[in-house]
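Dear colleague,

I am passing on the structure we spoke about, together with some notes on what I found in it. Please have the model open while you read, since the notes follow its parts in turn.

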Amino acid sequence: MLELRVKHRYPLRGRESREVLRTLSELYPKLYSALAINSRKAHVERMITDRGQEVYSVNGRPVLIKLDEDALVPAITAMHVCSDDVPKVVVDRGAIPHIANGADVMAPGVVQVEGEFEVGDIVAIADEKYRKIIAIGVALTSSGELRCMKKGKVVKNLHYVGDKLWKLIQKVYG
């Protein structure tokens with residue numbers, strides 16, 4: 001498979017920059033406060049890949065990813081700061097290799113649900129042992145339903161550690 005490449009990378013100014021910062025503060029307030037952003041001095045950058053995904057960075061730190069026209073999700077690299085802003089699905093060790101290869105989360109692999117969410121909400125996927133975020137996904141069921149489920153897909157995997165976008169972010173932002 002071909003590697004993902006940067007198509008455009010440029011700083012945002014004025015209104016666009018303020019809009020990204022406002023969105024970040026509304027969606028992920030802990031991440032916004034942890035970055036200690038001075039909105040007048042913040043350097044906000046947009047990177048667009050050759051496949052149309054967008055990565056927004058603030059002061060050289062990737063914070064938001066736009067995978068499609070609707071969803072702005074936190075970058076996995078920023079999740080250690082804002083993991084409390086996003087509900088979590090904790091998976092057992094057997095599920096990790098599959099999720100790290102892009103598989104969706106299945107109910108039998110879920111050992112715990114932290115927080116409340118509805119169908120379509122963004123959720124973080126964490127490993128059971130270390131509680132590290134290994135993927136970001138969109139809920140296919142609500143947290144209430146998930147707690148009772150024994151089989152079936154429960155979270156669609158959108159972005160995971162080791163995917164092409166993750167590797168590009170590591171390469172560009174180190």
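**Helix α1 and its two sides**

The face of α1 turned away from its buried side carries Arg15, Arg18 and Glu26, which are exposed. Please keep in mind throughout that this is a predicted model. The buried residues of the helix are Ser17, Val20, Leu21, Thr23 and Leu24, and, seen down the axis of α1, they fall within an arc of 160°, so they line one face of the helix. These buried residues pack against α2 (residues 29-34) and against the strands β2, β3, β4 and β5. As for its length, α1 has 14 residues and spans 20 Å from its first C-alpha to its last, which is close to the 20 Å expected at 1.5 Å a residue.

**The five-stranded sheet**

The strands that α1 packs against belong to an open sheet of five, in the order β1-β2-β3-β4-β5, with antiparallel pairing. At its edges stand β1 (6-11) and β5 (72-74), each of which has a single partner strand, so one side of each is left without a neighbour in the sheet. From one strand to the next, the twist averages 25°. Within this sheet, β3 (residues 54-58) and β4 (residues 61-66) run antiparallel and are joined by five bridges, and serine 57 stands opposite proline 62 in β4.

Helix α1 (residues 14-27) lies across β2 (44-49), β3, β4 and β5, and runs at about 90° to β2. Helix α6 (residues 164-173) also packs on the sheet, where it touches β1, β2, β3 and β4, and its direction makes about 135° with that of β2.

A residue worth finding here is tyrosine 56, which lies in strand β3. Is tyrosine 56 buried or exposed? Its relative accessible area is 6%, and because buried means under 20%, tyrosine 56 counts as buried. Leaving aside neighbours within four places in sequence, tyrosine 56 is in contact with a set of residues that includes Val20, Pro62, Val63, Leu64 and Leu72.

**The six-stranded sheet**

There is also an open sheet of six strands, with mixed pairing and the order β7-β11-β10-β9-β6-β8. Its edge strands are β7 (105-106) and β8 (110-114), and each of them pairs on one side only. Strand β6 (residues 88-91) pairs with β8 in the antiparallel sense over four bridges, with valine 89 standing opposite valine 113 in β8.

Strand β10 (residues 133-139) contains isoleucine 136, which is buried, with a relative accessible area of 0%. Not counting residues up to four places away in sequence, isoleucine 136 touches several residues, among them Val73, Pro74, Ile76, Met79, Ile122 and Leu158. Although isoleucine 136 and isoleucine 76 are 60 residues apart in sequence, they are 7.1 Å apart in space, C-alpha to C-alpha.

**The two domains**

How is the protein chain divided? Domain 1 takes in residues 6-81 and 163-173, while domain 2 covers residues 88-160. The C-alpha centres of the two domains lie 23 Å apart, and ten residues of domain 1 are in contact with nine residues of domain 2.

With kind regards

Notes. Residues are numbered from 1 along each chain as its sequence is written. This is a predicted model: local features need pLDDT of at least 70, side-chain atom pairs count only at pLDDT 80 or more; totals for chains, interfaces and linings use all residues. Side-chain values use heavy atoms; hydrogens and water are left out. Helices (H or I, at least four residues) and strands (E, at least two) are DSSP runs, numbered from the N terminus. Buried means under 20% relative accessible area, exposed over 50%, partly exposed in between (1.4 Å probe, protein chains only). Contact means heavy atoms within 4.5 Å. Two strands pair if DSSP finds at least two bridges between them. Axes are lines fitted to C-alpha atoms, for helices over the stretch in contact, and angles run from 0 to 180 degrees between N-to-C directions. The expected span of a helix is 1.5 Å times one less than its number of residues. The arc is that of the directions from the helix axis to the C-beta atoms. Domain bounds come from an automatic or database domain assignment.
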